[in-house]
Amino acid sequence: ALLHRQRQEQGRGGGGRVNGDDVQQPTEEEEEEAEERALLVSNLINELTFKVASLAMDRHAAPVLEKLARLCTRKQLARLLEGCLGYAASLASNRYSSHVLQTFLSLAGPMVEAEMRGVGEDEEEEEEDEEDNAPVLGPDGEEVPPKGPVTLCGSASKLAEELQDAWLSLIYDICGTHSMRALFCLLTGMPVVAERRGKHAKHQHAIETAVVLGFQTGAVGGGRAGNTGEAANLHTTPLVMFQVPETFSVVLEGMIAELGRMELMTLHQTLCDAYASPALCLLLQAVARKEGAAQQQLTLSPDGVFYTKVVQKALCTHTPSRCAEVIYAMAGESLSSRFLEAVLWHTDPTTVPVQIFEVCIQGKVMEYAEDDVANFVLQTWLQRTESPKQLKMVLEELGPFFGKLVREKRRAGVLWRLAGACLRVGKGEKKMVKALLLALGGGGGGEGKERGKGVAAALRVVQTLLALKVGQEGGG
């Protein structure tokens with residue numbers, strides 16, 4: 001019945017919208033349907049209070065429960081979260097209920113902020129009083145006395161505290177890791193973002209309430225937006241952050257402190273785990289967004305707990321020789337390299353990127369550029385550096401090998417990021433162009449038509465690189 005009514009309403013409301021006095025008011029029939037739907041949802045919530053956990057684990061009931069949650073008021077969503085208490089860890093690691101839990105957590109973010117600001121309380125006051133005093137059916141079908149007022153902040157805080165006890169084990173689980181990412185977003189006030197890594201991904205956790213990032217257009221030439229440009233970079237995409245209660249911050253600090261107490265070897269193994277590593281990357285980003293929200297920045301606070309207890313510990317920054325070994329090993333590993341990229345994105349470009357170049361990349365730029373994994377770390381560094389001196393060193397080391405990078409190693413992306421760094425920093429453009437001309441046969445060697453073709457090809461490559469306007473917008 002819920003699905004049928006939702007489709008009917010979507011069909012009627014799919015037309016164009018107008019402004020001003022021409023805005024269409026709901027008809028009497030639509031108002032009656034809305035009231036009936038609200039009554040149906042309220043009755044379902046009352047009946048399902050003690051059955052939420054079991055229904056969430058059912059293959060057929062889970063999608064219906066997600067759709068029901070999207071029709072709930074914040075009071076009703078709080079009651080659904082109450083139904084998850086006591087089973088949170090099991091729900092987070094189940095194949096079906098993990099999606100339900102993610103939907104609950106993604107919906108809770110904006111509703112928690114509304115509750116804290118007192119928005120919508122007058123509209124829901126009568127409904128909340130009725131629900132608080134409404135009879136609730138227990139597991140045996142008998143009426144259970146109501147517990148009293150239920151708040152979304154309170155229910156979400158209880159659920160977060162319950163998940164906090166098991167989060168370090170859940171991030172290693174294929175389903176639990178996605179549930180924990182949704183929890184990280186809720187605790188920091190960050191919207192849950194859809195994570196799809198290619199259409200052939202084996203385990204795509206994409207809930208309908210997640211924010212979907214588009215494409216950054218700007219590539220030379222025509223074509224559809226989905227086929228030109230590059231996918232939007234989550235590290236640099238501005239997101240609206242929600243206000244969170246102090247209880248969320250306490251839970252988050254406890255989780256970070258627990259992560260900081262982890263043995264160094266265990267921490268490095270976690271950063272190489274297929275499920276735990278992406279979760280920690282998102283945690284780093286979410287904390288950075290929370291700490292930098294007041295200054296409208298996306299960088300970690302250098303005095304913050306996550307930077308001092310986790311980042312510095314993982315990179316061994318206090319011991320330069322050990323730091324060089326760790327960063328070198330992380331850069332060549334497919335999963336830990338993503339954490340290293342996240343550190344570059346969300347730290348002050350005048351500190352950590354400078355240190356990483358000095359202790360590890362300097363003198364090994366070509367080695368990084370040639371590697372199938374480490375070249376992405378180098379590209380991220382090129383997008384973050386603000387040092388003309390270090391950029392000059394990179395140009396001097398890579399310049400003689402531009403031709404090899406393009407023809408043999410298929411590393412045009414490195415040159416693209418290098419061109420973007422030159423444009424952003426304002427240094428090395430002429431040297432970049434000269435090195436490209438020499439690499440592509442325009443600086444000598446060959447006569448007549450062959451040399452002319454080389455110059456024309458080089459000019460096209462240079463024009464393409466410069467026309468992309470890489471650098472400050474969107475991280476690319």
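## A salt bridge within one helix

Let's start with E325 and R322, whose side chains form a salt bridge with N and O 3.4 Å apart. This is a predicted model, so please read each contact described here as part of a prediction. Both residues belong to helix α16, which covers residues 320–331. They sit 3 residues apart, about one turn of the helix. R322 has a relative accessible area of 36%, so this residue is classed as partly exposed.

As background, side chains of opposite charge can pair when their charged atoms come close. The structure holds 7 salt bridges, and two others are worth a visit.

## Salt bridges between separate parts of the chain

K404 and E370 also meet through their side chains, with an N to O distance of 3.1 Å. This pair links distant parts of the chain: K404 is in helix α22 (residues 402–407), while E370 is in helix α19 (residues 365–370), and 34 residues separate them. K404 is partly exposed at 30% relative accessibility, and E370 is partly exposed as well, at 24%.

The other bridge joins R411 to D372, and here the closest N and O atoms are 2.6 Å apart. R411 is found in the loop between α22 and α23, and D372 in the loop between α19 and α20, so their pairing ties together parts that are 39 residues apart in sequence. How accessible are the two partners? R411 counts as buried, with 10% relative accessibility, whereas D372 counts as exposed, with 59%.

## Helices α20 and α23 side by side

Two packed helices are described by the angle between their axes and the distance between the axes. For α20 and α23, the axes come within 8 Å and cross at roughly 15 degrees. The two helices are therefore roughly parallel to each other, and their crossing is left-handed.

If you would like to find this contact in the viewer, look on the α20 side for N375, L378, Q379, L382, Q383 and R384. These residues meet G413, V414, R417, L418, A421 and R424 of α23.

## A buried helix and a buried threonine

Helix α5 runs over residues 74–84. Of its 11 residues, 11 are buried, so the helix is largely enclosed by the rest of the structure. The buried set has charged names in it, including R74, K75, R79 and E82, along with L77, L80 and L81. Just after α5 comes G86, which takes a positive phi of about 95 degrees.

T103 is another residue to look at, this time in helix α7 (residues 97–117). Is T103 buried or exposed? Its relative accessibility is 0%, so T103 counts as buried. Leaving aside residues up to four places away in sequence, T103 touches E66, R70, I207 and T209.

## The chain as a whole

Stepping back, the secondary structure comes to 25 helices and 4 strands. The chain has 476 residues, and 46% of them count as buried. Its exposed area is about 24300 Å², with carbon and sulfur atoms supplying 51% of that.

How much of the contact pattern comes from residues 24 or more positions apart? Such pairs account for 73% of the contacts in the chain with a separation of 6 or more. The bridge between K404 and E370, at 34 residues apart, is an example of a link between distant parts of the chain.

Technical notes. Residues are numbered from 1 along each chain as its sequence is written. This is a predicted model: local features need pLDDT of at least 70, side-chain atom pairs count only at pLDDT 80 or more; totals for chains, interfaces and linings use all residues. Side-chain values use heavy atoms; hydrogens and water are left out. Buried means under 20% relative accessible area, exposed over 50%, partly exposed in between (1.4 Å probe, protein chains only). Contact means heavy atoms within 4.5 Å. Accessible areas come from the Shrake-Rupley method with a 1.4 Å probe; for residues, only the protein chains shown count as cover. A salt bridge is a side-chain nitrogen of Lys or Arg within 4 Å of a carboxyl oxygen of Asp or Glu. Axes are lines fitted to C-alpha atoms, for helices over the stretch in contact, and angles run from 0 to 180 degrees between N-to-C directions. Angles under 35 degrees count as roughly parallel, over 145 as roughly antiparallel, 65 to 115 as roughly perpendicular and the rest as oblique. A crossing is left-handed if the near helix is turned anticlockwise from the far one by less than a right angle, and right-handed if clockwise.
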